[in-house]
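Please open the model in your viewer and keep the sequence beside it, so that each selection can be followed in both places. The tour goes from one stop to the next.

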Amino acid sequence: MSKLSVAEAAEKFKVSKEAIHNRIRRGSLDCVIEHGTKYVLIDEPATPAQEPTDTKYYSYIEEENNSLKEKVKELEKQNLHLREQKEQMLIEEKQKIEQIYKERDEQLKQVLHTITSKFLPHVDKRVEEFVDVEDIEASSVDVKDLDTAEGEPMSLKSFLK
């Protein structure tokens, strides 16, 4: 059994002096007062058996740390690969959607061309100059914006103007 001052005990246990005083008050550490100075009584281990155990523990921790680093690297590679796959899938879907819209635009142009050529053969030449089926783009029109009275039907000719 060894005798250490409060400061020495705090340094040995790597705690503050106040923590040592608190342990003395609680009774978890034994102390003696000699010539007005408190000394902490500490039982020293008889055998240094902890040394080999610590090295085994540290080597085990290092092995685990290395294996976890390898797993992290592997997971990062997988993550990168999955992100690349996701990006490729998004590009392919975008191309499919663009193709669908192109096909729909072509169908709409064909319908408008059919309407203007077969159903409205008497269209005035002046209107044909202003309305070109190739230049027509699909857009949404708010019914309230049209210059007709409510309830009146609108002709396709005036709508296309």
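In which loop does H35 lie? Select H35 and its surroundings: H35 lies in the loop between β2 (30–34) and β3 (37–42), where helices (H or I, at least four residues) and strands (E, at least two) are DSSP runs, numbered from the N terminus.

Before going further, please keep in mind that this is a predicted model, in which local features need pLDDT of at least 70 and side-chain atom pairs count only at pLDDT 80 or more, while totals for chains, interfaces and linings use all residues. Residues are numbered from 1 along each chain as its sequence is written, and side-chain values use heavy atoms, with hydrogens and water left out.

Staying with H35, look at the backbone, where phi is positive at about 55° although H35 is not a glycine. Most residues other than glycine have a negative phi. At 85% relative accessibility, H35 counts as exposed (exposed means over 50% relative accessible area, buried under 20%, and partly exposed in between, with a 1.4 Å probe and protein chains only).

Next, select K14, which is placed in the loop between α1 and α2. K14 also has a positive phi, near 60°, in a residue other than glycine, and with a relative accessibility of 76% K14 counts as exposed.

Now colour the whole protein chain by secondary structure, which comes to 5 helices and 3 strands, and read along the sequence to follow the pattern β-α-α-β-β-α-α-α. Of the 161 residues in the protein chain, buried residues make up 11%. Among contacts (heavy atoms within 4.5 Å) in the protein chain between residues at least 6 apart in sequence, 52% join residues at least 24 apart.

Select helix α1 (residues 6–13) together with helix α2 (residues 17–26): their axes come within 8 Å and cross at roughly 105°. These axes are lines fitted to C-alpha atoms, for helices over the stretch in contact, and angles run from 0 to 180 degrees between N-to-C directions. The crossing makes α1 roughly perpendicular to α2, a term used for angles of 65 to 115 degrees. Show the side chains of V6, A7, A9, A10 and F13 in α1, which meet K17, I20 and H21 in α2. The residues of this contact divide into 6 nonpolar, 1 polar and 1 charged (Ala, Val, Leu, Ile, Met, Phe, Trp, Tyr, Cys and Pro count as nonpolar, Asp, Glu, Lys and Arg as charged, and the others, Gly among them, as polar).

While α2 is displayed, pick out R23, which lies in this helix and is partly exposed, with a relative accessible area of 28%. Leaving aside neighbours within four places in sequence, R23 is in contact with V15, S28 and L29.

Then move to S5 in strand β1 (residues 2–5), which counts as buried at 18% relative accessibility. Apart from neighbours within four places in sequence, S5 is in contact with K38 and Y39.

For the last stop, keep Y39 selected and add K3, whose charged end sits over the ring of Y39, 5.4 Å from its centre; a charge sits over a ring if NZ of Lys or CZ of Arg is within 6 Å of the ring centre and within 35 degrees of the ring normal.

How values were computed: Angles under 35 degrees count as roughly parallel, over 145 as roughly antiparallel, 65 to 115 as roughly perpendicular and the rest as oblique.
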